[in-house]
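The following exercises concern the fold, the interior and the charged pairs of one protein chain. Please work through each task with the structure in view before reading the solution.

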Amino acid sequence: VLDGSWHLPQEKRDPKAEFAAAHIPGARFFDIDATADHASPLPHMLATPEHFAARMKALGVGSGDCVVVYDASAPGLMSAARIWWNFRVFGHANVAVLDGGLKKWKAEGRPLSSEPAPARTALAFAPHFDAGLIRSLDQMRALVASGAEQVVDARGAGRFAGRDPAAAPDGGRDPRDPRGDEQQQAQREPAIAAVPPVQVGLELGVVPALRADAPGQARHVVPA
């Protein structure tokens with residue numbers, strides 16, 4: 001079990017301190033800032049396979065493990081979803097996101113701990129990079145021009161519309177994104193909040209109908 005909590009700077013929260021104070025018993029902390037490509041001038045770029053494998057070995061995560069990720073965000077799947085995607089990129093399919101995250105866990109009165117997880121022997125993690133789950137900047141530029149694949153902006157409505165002062169440097173959106181303006185998105189959000197992600201994609205026309213025998217149809221655009 002991995003706690004992958006991460007918060008935007010304006011929230012002024014310390015995920016490591018919060019984890020140390022209260023986490024799901026036995027959980028280990030997945031540090032998104034540390035598990036990244038530090039050779040890049042941009043933050044939170046995907047780690048190299050070698051670096052990711054080393055980080056997982058240090059956490060005691062092996063290739064044969066079932067991994068469950070959660071975070072402490074309000075929806076319970078902000079940074080956890082990114083970590084889920086990281087594992088999938090590196091060929092680890094046996095990974096899931098805890099339904100409702102830490103918020104739901106607490107609301108249900110489930111146990112919490114401030115104790116470190118028991119020591120675990122370092123296990124081998126063999127990454128198998130799946131380039132099909134990645135789009136480079138050049139590929140994204142081509143997609144914007146061609147419309148060959150649907151692009152979805154997963155940021156909040158304020159950042160999407162370029163109206164959030166806290167996110168002014170990256171405000172605005174891709175013109176091909178189907179979500180429309182901020183008011184339209186705000187009207188949609190309450191109606192789809194409790195709907196499974198695939199069904200949300202179907203309702204917004206983001207993904208095609210998925211078949212159990214065609215898992216490769218889905219592609220993910222995950223915020224940094």
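**Exercise 1. The order of elements**

In what order do the elements of the protein chain run from the N terminus on?

Solution. The model under study is predicted. Begin with the inventory: the protein chain holds eight helices and four strands. Reading from the N terminus, the order is β-α-β-α-β-α-β-α-α-α-α-α.

**Exercise 2. The sheet**

Determine the strand order of the sheet, its edges, and the helix 3 packing on it.

Solution. Step one is the order: the four strands form an open sheet arranged 2-1-3-4, with parallel pairing. Strands of a sheet pair through backbone hydrogen bonds, in either the parallel or the antiparallel sense.

Step two concerns the edges. Strand 2 (28–29) and strand 4 (95–97) each pair on one side only, so these are the edge strands, given that pairing requires at least two bridges.

Step three examines one pairing. Strand 1 (residues 2–3) joins strand 3 in the parallel sense over two bridges. Aspartate 3 has tyrosine 70, in strand 3, as its bridge partner.

Step four adds the helix. Helix 3 packs on the sheet and touches strand 1, strand 3 and strand 4. The direction of helix 3 makes about 170° with that of strand 4.

**Exercise 3. The nonpolar interior**

Identify the largest nonpolar core and the elements that give two or more residues to it.

Solution. First, consider burial overall: 32% of the 224 residues in the protein chain are buried. The largest nonpolar core has 22 residues. Those with the most contacts inside this core are Phe30, Phe52, Met56, Val61, Phe87 and Phe125.

Next, assign the core to elements. Helix 2 (49–59), strand 3 (67–70) and helix 3 (78–89) each give two or more residues. Helix 3 gives the most, namely six residues.

Then inspect one member closely. Leaving aside residues up to four places away in sequence, phenylalanine 87 touches Leu2, Phe30, Phe52, Met56, Val61, Val67, His92, Val95 and Phe125. Apart from the largest core lies another, of eight residues, which include Phe19, Ala27, Tyr70 and Ala72.

Finally, consider separation in sequence. Of the contacts between residues at least 6 apart in sequence, 67% join residues at least 24 apart.

**Exercise 4. Charged pairs and their exposure**

How many salt bridges does a search of the whole structure find? Classify the partners in three of the pairs as buried, partly exposed or exposed.

Solution. The search finds seven salt bridges. Side chains of opposite charge can pair when their charged atoms come close.

1. Aspartate 31 and lysine 16 meet through their side chains at 2.9 Å, N to O. This pair links distant parts of the chain, 15 residues apart: aspartate 31 lies in the loop between strand 2 and helix 2, and lysine 16 in helix 1 (residues 15–21). Aspartate 31 is classed as buried because its relative accessibility is 11%, whereas lysine 16, at 46%, is partly exposed.

2. Aspartate 99 forms a salt bridge with lysine 104, and their closest N and O atoms are 3.0 Å apart. At 58% relative accessibility aspartate 99 counts as exposed, while lysine 104, at 33%, counts as partly exposed.

3. Glutamate 108 and arginine 110 form a salt bridge between their side chains at 2.7 Å, N to O. Glutamate 108 is partly exposed at 43% relative accessibility, and arginine 110 is partly exposed with a relative accessible area of 42%.

Notes:
Residues are numbered from 1 along each chain as its sequence is written. This is a predicted model: local features need pLDDT of at least 70, side-chain atom pairs count only at pLDDT 80 or more; totals for chains, interfaces and linings use all residues. Side-chain values use heavy atoms; hydrogens and water are left out. Buried means under 20% relative accessible area, exposed over 50%, partly exposed in between (1.4 Å probe, protein chains only). Contact means heavy atoms within 4.5 Å. A nonpolar core is a set of buried Ala, Val, Leu, Ile, Met, Phe, Trp, Tyr and Cys residues joined through side-chain atoms within 4.5 Å. Axes are lines fitted to C-alpha atoms, for helices over the stretch in contact, and angles run from 0 to 180 degrees between N-to-C directions. A salt bridge is a side-chain nitrogen of Lys or Arg within 4 Å of a carboxyl oxygen of Asp or Glu.
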